[in-house]
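These are my notebook entries on the model. I set down what I looked up, entry by entry.

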Protein chains: 2
Amino acid sequence: MTGTVWDRGEPRLAGPDTALRAELRTAAQHASGNVPVAVATDTAGQVLEGMRGRAFDSAAVVAVLDGDRLRGLVTLERLLAAPAATPLGEIMDDAPPVVAPSTAQERAAWLAVQHAEPTLAVVDDAGRFAGLVAAPTLLGVLLEEHDEDMARLGGFLGTAATARSSTTEPVLRRLSHRLPWLLLGLAGALLAAVIVGSFEEQLGQEVLIAYFVPGVVYMADAVGTQTEALVIRGLSLGIGVRRIAVREVVTGVLLGAFLGGLALPLVWALWGRADVAVAVALALLAASSIASLIALALPWLFHRFGKDPAFGSGPLATVIQDVLTVAIYLLVATAVVL
Amino acid sequence: MTGTVWDRGEPRLAGPDTALRAELRTAAQHASGNVPVAVATDTAGQVLEGMRGRAFDSAAVVAVLDGDRLRGLVTLERLLAAPAATPLGEIMDDAPPVVAPSTAQERAAWLAVQHAEPTLAVVDDAGRFAGLVAAPTLLGVLLEEHDEDMARLGGFLGTAATARSSTTEPVLRRLSHRLPWLLLGLAGALLAAVIVGSFEEQLGQEVLIAYFVPGVVYMADAVGTQTEALVIRGLSLGIGVRRIAVREVVTGVLLGAFLGGLALPLVWALWGRADVAVAVALALLAASSIASLIALALPWLFHRFGKDPAFGSGPLATVIQDVLTVAIYLLVATAVVL
């Protein structure tokens with residue numbers, strides 16, 4: 001008997017979440033069943049012999065099956081290095097990285113890297129082998145996800161093309177990919193002006209309060225952007241917002257306390273007003289905490305509703321943080337100073 | 001004769017730029033010479049036979065050499081599918097993706113994806129074969145670069161660990177990775193306050209000018225962040241700042257003109273002051289143009305001095321844009337309004 005190597009055609013897809021799958025691309029969409037498969041008792045020599053003359057999508061890894069269950073994977077390198085009489089059961093990795101057909105593509109790619117495996121096995125909920133995702137596919141997935149995350153954090157339309165084309169595309173298309181978020185930003189900018197304007201009387205009494213508006217807004221932005229970057233990465237690796245929420249909020253509060261504690265003596269020394277210094281310090285504490293919260297909440301909301309959480313970062317989060325920060329600072333400042 | 005398959009040990013590294021290599025990780029550092037090699041006249045059957053019993057780092061691709069020159073690459077899938085008597089010269093890809101040993105790692109990974117190749121060949125300046133970079137290595141490289149870009153755009157220390165660890169790390173380590181950039185931001189925030197303060201008299205005469213400070217700063221930020229994201233991606237793919245500079249600056253000016261043109265009637269209608277509306281519009285035009293310029297210039301400077309250009313994006317660029325924007329807006333506003 002030669003090795004039980006056969007082509008398996010299309011991977012089997014099953015399960016109710018077809019709608020979700022259409023939204024997020026999953027491991028199943030990248031899996032190929034046209035790969036070498038064998039059973040544990042086949043020998044290395046038999047399998048190598050059986051692979052000849054076949055046109056596989058990927059031959060980097062042999063799937064060792066028992067019926068339609070995956071038992072393990074053997075890399076080609078191990079298969080070649082083993083003596084011809086060695087059964088695959090002895091050289092297979094019997095705990096290879098396995099993902100469900102519905103696993104999000106970037107998480108799948110990340111698992112493969114963590115295991116230093118060139119190939120990922122896809123197994124359905126019933127434990128049936130559904131195909132392998134080959135390394136070149138995983139590479140493409142990672143690059144695409146990278147582009148998307150950067151585009152969304154940077155404030156491009158989510159549908160903008162890949163980094164290479166968006167880097168070199170002509171001016172008109174550049175404009176059309178960027179204006180939508182900027183128009184949202186302009187609305188936020190006008191709202192901020194309305195908020196500042198509602199403190200007209202107080203600012204007329206003490207114009208010093210106005211000095212620190214851009215600085216407080218900038219600091220809230222900076223803290224929020226750090227949280228956003230963390231959340232986007234965490235979510236695409238399958239680390240949920242809940243798991244990091246407590247630490248992030250604590251970090252945001254501590255950063256705000258630290259920055260406020262540092263600003264207090266500096267503002268006092270430079271402008272000679274203790275009350276304004278206290279207002280700036282309190283505003284930094286409040287704004288940092290709230291920026292962290294918004295940076296956590298928005299991506300989580302997008303994720304909840306089945307959208308790419310990265311949409312909840314970048315321009316949208318920033319403009320909400322800015323408007324809230326302006327309001328908080330002016331409320332605190334007028335309460336403390338006037 | 002069986003195929004001329006042999007192990008090649010360590011890849012050959014030569015060249016004067018050892019210092020640069022220590023800074024940027026390159027294709028050479030990831031290349032392995034322990035891969036199957038053959039000559040063009042070897043047949044598929046001979047090569048497959050010759051590969052048996054050897055422990056390669058990667059067996060996904062056979063390098064076809066002529067002496068120490070690379071002639072082409074044959075993927076294992078093609079090797080298996082070909083009739084045993086086919087010479088490799090007939091089935092090899094004779095224009096495979098090839099990089100120099102000094103090629104930056106992310107650019108190398110990107111090339112592999114573009115060619116849908118599982119493996120990249122490294123060839124030195126004299127055309128000598130220096131080894132292959134296998135797909136799992138390329139995967140790791142892409143994930144690492146992604147983490148780095150996000151960390152720098154987000155405002156973490158460049159040396160902060162990978163996304164997974166930074167997502168789950170304890171509060172104290174979180175603080176230490178983030179505070180350095182935030183302290184720089186605090187200095188910028190105080191500088192912005194000094195600038196606003198130097199317009200004390202003018203703001204006292206017309207407090208309406210102060211309303212639009214946060215909005216103008218926000219818009220400059222938003223335009224600048226878009227350019228930053230584009231530049232970081234472009235540079236890591238080997239697209240230089242010069243190639244995109246003209247288009248980006250034109251785009252920045254046009255975005256500023258568009259946003260200013262939209263803000264003019266809105267501010268006029270909402271606050272009933274044509275002079276303030278003109279000042280806001282002019283400031284938006286100037287701030288957008290300058291934000292694009294800074295977002296181009298800073299990464300370019302870091303790149304020039306052999307540092308990761310992503311350091312020139314995120315917090316550093318943002319704080320410079322903010323301070324400049326505050327100054328520009330107040331200069332324009334006081335000139336137009338008072």
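**Entry 1: confidence.** I began with the N-terminal end of chain A, where pLDDT stays under 50 over residues 1-24. For this stretch the predicted model has 49 contacts beyond four places in sequence. I then looked up chain A as a whole: its pLDDT averages 82, and 88% of its residues score at least 70.

**Entry 2: chain A in outline.** I noted 15 helices and six strands in chain A. Of its 338 residues, 60% count as buried. I also looked up how contacts in chain A are distributed along the sequence. Among those with a separation of 6 or more, 68% are between residues 24 or more positions apart.

**Entry 3: annotated segments.** I consulted the UniProt record, an unreviewed entry, for chain A. It places the feature "transmembrane region" at residues 181-199, 211-232, 244-271, 277-302 and 314-337. I checked two of these ranges against the coordinates. Residues 181-199 of chain A are 89% helix and 0% strand, with the end C-alpha atoms 28 Å apart. Residues 314-337 of chain A are 96% helix and 0% strand, and there the end C-alpha atoms lie 33 Å apart.

**Entry 4: Q321(A).** I located Q321(A) in helix α15 of chain A, which comprises residues 315-337. Is Q321(A) buried or exposed? Its relative accessibility is 1%, so I recorded Q321(A) as buried. Which residues does Q321(A) contact, leaving aside its neighbours within four places in sequence? I listed A220(A), D221(A), G224(A), E228(A), A291(A), I294(A) and A295(A).

**Entry 5: G45(A).** I found G45(A) in helix α3 of chain A, residues 44-51. I recorded G45(A) as buried, because its relative accessible area of 12% is under the 20% cut-off. Leaving aside neighbours within four places in sequence, G45(A) is in contact with A84(A) and with R52(B) of the other chain. I also looked up the pair G45(A) and L88(A): they are 43 residues apart in sequence, and their C-alpha atoms are 9.6 Å apart in space.

**Entry 6: the two copies.** I next compared the chains. A turn of 180° with a shift of 0.0 Å along the axis lays chain B on chain A with an RMSD of 0.1 Å. The copies are therefore related as by a two-fold rotation axis. The same surface serves both copies, since 100% of the contact residues of chain B recur in chain A.

**Entry 7: a sheet in chain B.** I traced an open sheet of three strands in chain B, in the order β4-β5-β6 and with mixed pairing. The edges are β4 (98-99) and β6 (129-133); each has a single partner strand, so one side of each is left without a neighbour in the sheet. How do β4(B) and β5(B) pair? They pair in the parallel sense over two bridges, with β5(B) spanning residues 120-123. In this pairing V98(B) stands opposite A121(B).

I then followed β5(B) to β6(B), which run antiparallel and are joined by four bridges. Here V122(B) stands opposite G131(B). The two strands form a hairpin with five residues between them, and G127(B) in the turn has a positive phi of about 85°. Although β6(B) is an edge strand, I found five of its five residues buried.

Finally, I looked up helix α6 of chain B, residues 105-114. Helix α6 lies across β4 and β5 of chain B, running at about 130° to β5(B).

Definitions and conventions. Residues numbered from 1 in each chain as written. Chains lettered and ligands numbered in written order. Predicted model: local features only at pLDDT ≥ 70, side-chain atom pairs only at ≥ 80, totals over all residues. Heavy atoms only, no water. Least-squares fit on C-alpha atoms with pLDDT ≥ 70 in both. Contact = heavy atoms within 4.5 Å. UniProt positions renumbered as here; feature names shortened; annotations may be inferred. pLDDT = per-residue confidence, 0-100. Pairing = 2+ DSSP bridges. Axes fitted to C-alpha atoms, helices over the stretch in contact; angles between N-to-C directions. Buried < 20%, exposed > 50% of the residue type's maximum accessible area, 1.4 Å probe, protein only.
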